[in-house]
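Got the viewer open? Here is a walk through the model, one selection at a time.

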Amino acid sequence: MAPNDVRTCSRCGTAFHLPRKRRGTPYAQFCSQACITAHKVDLAQLHSSQLEEGFAERLREAGLAFVEQYALGPYVVDLAFPQVRLLVEVDGEAYHASSSAQARDDRKDALAASEGWQVIRVPQFMIEHHPEEAVRTVVEAYLHGR
Ligand SMILES: [Zn+2]
């Protein structure tokens with residue numbers, strides 16, 4: 001094996017032999033499927049937090065005042081509008097698809113409801129592809145709650 005076949009994983013630092021079939025692919029810098037998956041999850045989270053920040057900016061431009069990363073008991077809610085007791089969650093596809101995440105969302109919703117909050121969920125794809133509709137959804141819930 002030529003020395004240049006040994007790589008260092010850019011995620012975990014493990015030295016590994018790059019399989020021939022992965023040479024020249026975008027994931028040639030990772031040692032294993034686990035490191036590739038972890039890398040993809042990081043990218044998805046970065047993407048969704050950037051998307052969320054852009055969405056918050058649009059809501060501010062629409063004249064709404066809110067708190068980001070609002071602490072509700074042990075949970076964190078993306079956006080809170082305390083004046084009208086409205087909580088807004090941005091639903092990313094990957095994270096919220098798992099059943100444990102779903103159960104956690106259900107518990108969070110139950111706590112919110114018991115404290116008199118209305119919760120709405122705005123899908124990430126709506127923010128990405130139909131941002132005006134996403135803003136309108138929140139504005140309508142806000143006006144309704146007032
Ligand atoms: Zn690795």
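## Start at the sheet

Select the open sheet first: 4 strands in the order β3-β4-β5-β6, with mixed pairing. This is a predicted model, so keep that in mind as you click around. At the edges sit β3 (67-72) and β6 (118-123), each of which pairs on one side only. Look along the sheet and you should see the twist: on average, neighbouring strands are turned by 45° against each other, direction ignored.

Now zoom in on residues 75-81 and 86-91. These are β4 and β5, and they pair in the antiparallel sense over 3 bridges. For one bridge to look at, pick Ala-80: its partner in β5 is Leu-87.

## Add the helices

Show residues 99-114 next. That is helix α3, lying across β3, β4, β5 and β6 and running at about 90° to β3. Then bring up residues 131-145, helix α5, which lies across β4, β5 and β6. What angle does α5 make with β6? About 170°.

## Into the core

Colour the nonpolar residues and look at the largest nonpolar core, which has 18 residues. The members that touch the most other members are Phe-66, Phe-81, Leu-86, Leu-87, Val-88 and Val-122. Which elements give two or more residues to this core? They are α1 (33-61), β4, β5 and α5. β5 gives the most, with 4 residues. As a general background, nonpolar side chains tend to be buried together in soluble globular proteins.

Click on Leu-86 and check who is around. Leaving aside neighbours within four places in sequence, Leu-86 is in contact with Phe-81, Trp-117, Gln-118, Ala-141, Tyr-142 and Gly-145.

## Two backbone oddities

Go to Gln-69, in strand β3. Its phi is near 55°, a positive value in a residue other than glycine. Is Gln-69 buried or exposed? Gln-69 counts as exposed because 10 other C-beta atoms lie within 10 Å, and the cut-off for exposed is 12 or fewer.

Then hop to Arg-85, in the loop between β4 and β5. Arg-85 also has a positive phi, near 45°, and is a residue other than glycine. With 14 other C-beta atoms within 10 Å, Arg-85 is partly exposed.

## Zoom out

Finally, show the whole protein chain. You can count 5 helices and 6 strands, running β-β-α-β-β-β-α-α-β-α-α from the N terminus on. The radius of gyration is 20 Å, well over the 15 Å that the globule rule gives for 146 residues, so the chain is more spread out than a compact globule. Along its principal axes, the C-alpha trace spans about 70 × 30 × 20 Å.

Try colouring by domain, too. The domain assignment gives domain 1 (3-31) and domain 2 (44-145), and 39 Å separate their centres, taken over C-alpha atoms.

Two last numbers for the whole chain: buried residues make up 16% of the 146. Among contacts between residues at least 6 apart in sequence, 51% join residues at least 24 apart.

Terms used
Residues are numbered from 1 along each chain as its sequence is written. This is a predicted model: local features need pLDDT of at least 70, side-chain atom pairs count only at pLDDT 80 or more; totals for chains, interfaces and linings use all residues. Domain bounds come from an automatic or database domain assignment. Two strands pair if DSSP finds at least two bridges between them. Axes are lines fitted to C-alpha atoms, for helices over the stretch in contact, and angles run from 0 to 180 degrees between N-to-C directions. Two residues are in contact if their C-beta atoms, placed from the backbone, lie within 7 Å. The radius of gyration is taken over C-alpha atoms; the globule rule is 2.2 Å times the number of residues to the power 0.38. A residue is buried if 20 or more other C-beta atoms lie within 10 Å of its own, exposed if 12 or fewer, and partly exposed in between; C-beta atoms are placed from the backbone. A nonpolar core is a set of buried Ala, Val, Leu, Ile, Met, Phe, Trp, Tyr and Cys residues joined through C-beta atoms within 7 Å.
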